[in-house]
Amino acid sequence: MRYRPVLSIIAGCILTTNVLAADLMQTYMEALANDPQYASARAALMAGQEKSVQGLSRLLPNLSASGGYGRNYIEGLDYSENKYTIALTQPIFNWADFQNYANSKLEVSISEAQFAQAQQDLMVRVAQAYFDILAAEDVLTFAQAQKAAVSQQLELAKRSFEVGTVTITDTHEAQARYNLAESDEIAAINDLEVKRTALEQIIGHPPGILDPLKKDVKLSAPEPNVMSNWVSSAEQQNYQVIQYRLSHEMARRNIEISKAGHYPTVDLVASYNHTNRDQYIFDSGGGIRDYNTSRMVGIQWNIPLFSGFDVTSKVKESVALEDKARNDLEASRRSAAQQARQSYLSVNSGLSQVRALEAAEVASLSSLESNKLGYEVGVRINIDVLNAEQQVFMTRRDLTQARNNTIVQGLRLKQAAGILNEDDLKRVNLLLKK
């Protein structure tokens, strides 16, 4: 009994952090602005988009300027030289650079796929954390209601014992159930705080009141309700699969890059050189000044002849890495397909569980009323009422968890199929009570 005022205060503080309630979309928008994992993925995307620019630079002209100035004093001679050179190189044929440029565009595509995956991951993490809080709040509400109901039953048992209509055993059973209900309430408060902390890590501040699910909300089956369609989509559109597919294509091009070590390279080269020389002889009091300018335009080629088997070894390495990339791609496809199957089955199983628990809730409420009436007329004992009350609260707890899990599994199913987007969150948001 001594914990009751303290627990009520703690629960009240947890559930009334902010005055205004937030829905799922508002929470998601806060996560977009504050989640460090998403911010990291956004920065990685910006870095990855520069890869194509770097790859293209190898195919564009390279213009450089160099120069120098020097002065020497040697046995009565003052000698100085000032020179500069401007050089231009334009690749004409370099197979490795062509393939590197193609790979650089694939790297950009990989970074975009990684960012898209991070967006989907954020949606699922926000939804999971949001509905975890709703479930924890419901568990706490049910625990408090159960404690209140058991408290009433305890008081009734005490009064009945005082007038001699029941035995002391009924009172002891009611007291034990009350202590257990009090323990469940403490555990529910702690679990709610843990769930709120998980969402705080995503949005950057303690969450306030969250909009709950509408009462008796109706959940729909996946559309289309055919598992093979979801599996096929996962094998083709899952962003993890896309990343491995692009990586496999890069591995194939890396073989060509390694082979390019045997190929010649051809460049267009041009240069402009200018040199000024001054010589001053102290004995004669005179000097000589001259300058030299040269211009050159031509073709420069290079044919590799022997590199100590380095190129051959790199080709073998690239072939092995291509084989690895191909197997990684196949593993990712199978993993995505398994995720889709598991999520699809979880959604349909969850829908069946929700329907069963809704029927069980009606039955348990009817059983509770019957046991209360039987206790009043003496055909039921106190433990029967306590068991019936516990069954009601357990059923309600399981029902709310089944609903929340089914909603989140629906989002995970679309994530596995690679089609999850903000519109899906908006549709889930419509299930909330404003």
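This report describes aromatic pairs, one strand residue and the nonpolar cores of a predicted model.

## Aromatic pairs between helices

Five aromatic pairs are counted in this model. One of them joins Tyr 38 and Phe 115, whose ring centres lie 5.4 Å apart and whose planes make an angle of 40 degrees, which gives a tilted arrangement. Tyr 38 belongs to helix α3, which covers residues 36–48, while Phe 115 belongs to helix α5, which covers residues 95–163, so this pair ties together parts that are 77 residues apart in sequence.

Both partners can also be described by their accessibility. Tyr 38 counts as buried because its relative accessibility is 8%, and Phe 115, with a relative accessible area of 12%, is buried as well.

## An aromatic pair between strands

Tyr 84 and Tyr 272 form a pair with ring centres 6.3 Å apart and planes at 35 degrees, so this pair is tilted. Here the partners come from strands: Tyr 84 lies in strand β2 (residues 77–93) and Tyr 272 in strand β3 (residues 265–281), so the pair ties together parts that are 188 residues apart in sequence. Tyr 84 counts as partly exposed, at 36% relative accessibility, and Tyr 272, at 25%, also counts as partly exposed.

Strand β3 also contains Thr 275, which counts as buried because its relative accessibility of 12% falls under the 20% limit. When neighbours within four places in sequence are left aside, Thr 275 is in contact with Glu 81, Asn 82 and Lys 83, and likewise with Asp 290, Tyr 291 and Asn 292.

## The nonpolar cores

The largest nonpolar core of the model has 40 residues, and those with the most contacts inside it are Leu 24, Tyr 28, Leu 122, Phe 131 and Leu 425. At least two residues of this core are supplied by each of the helices α2 (24–34), α3, α5, α6 (168–203), α10 (382–417) and α11 (422–429). Helix α5 provides the largest share, with 15 residues.

Leu 122, one of the residues with the most contacts inside that core, offers a view of its surroundings. Leaving aside neighbours within four places in sequence, Leu 122 is in contact with Tyr 28, Ala 31, Leu 32, Asp 35, Tyr 38 and Ile 202. Tyr 38 is thus found in two parts of this description, as a contact of Leu 122 and as a partner of Phe 115 in a tilted aromatic pair.

Apart from the largest core lies another core, made of eight residues, among them Leu 329, Ala 337, Ala 340 and Ala 416.

Methods. Residues are numbered from 1 along each chain as its sequence is written. This is a predicted model: local features need pLDDT of at least 70, side-chain atom pairs count only at pLDDT 80 or more; totals for chains, interfaces and linings use all residues. Side-chain values use heavy atoms; hydrogens and water are left out. Rings of Phe, Tyr and Trp (its six-membered ring) pair if their centres lie within 6.5 Å; planes under 30 degrees apart count as stacked, over 60 as edge-to-face and the rest as tilted. Helices (H or I, at least four residues) and strands (E, at least two) are DSSP runs, numbered from the N terminus. Buried means under 20% relative accessible area, exposed over 50%, partly exposed in between (1.4 Å probe, protein chains only). Contact means heavy atoms within 4.5 Å. A nonpolar core is a set of buried Ala, Val, Leu, Ile, Met, Phe, Trp, Tyr and Cys residues joined through side-chain atoms within 4.5 Å.
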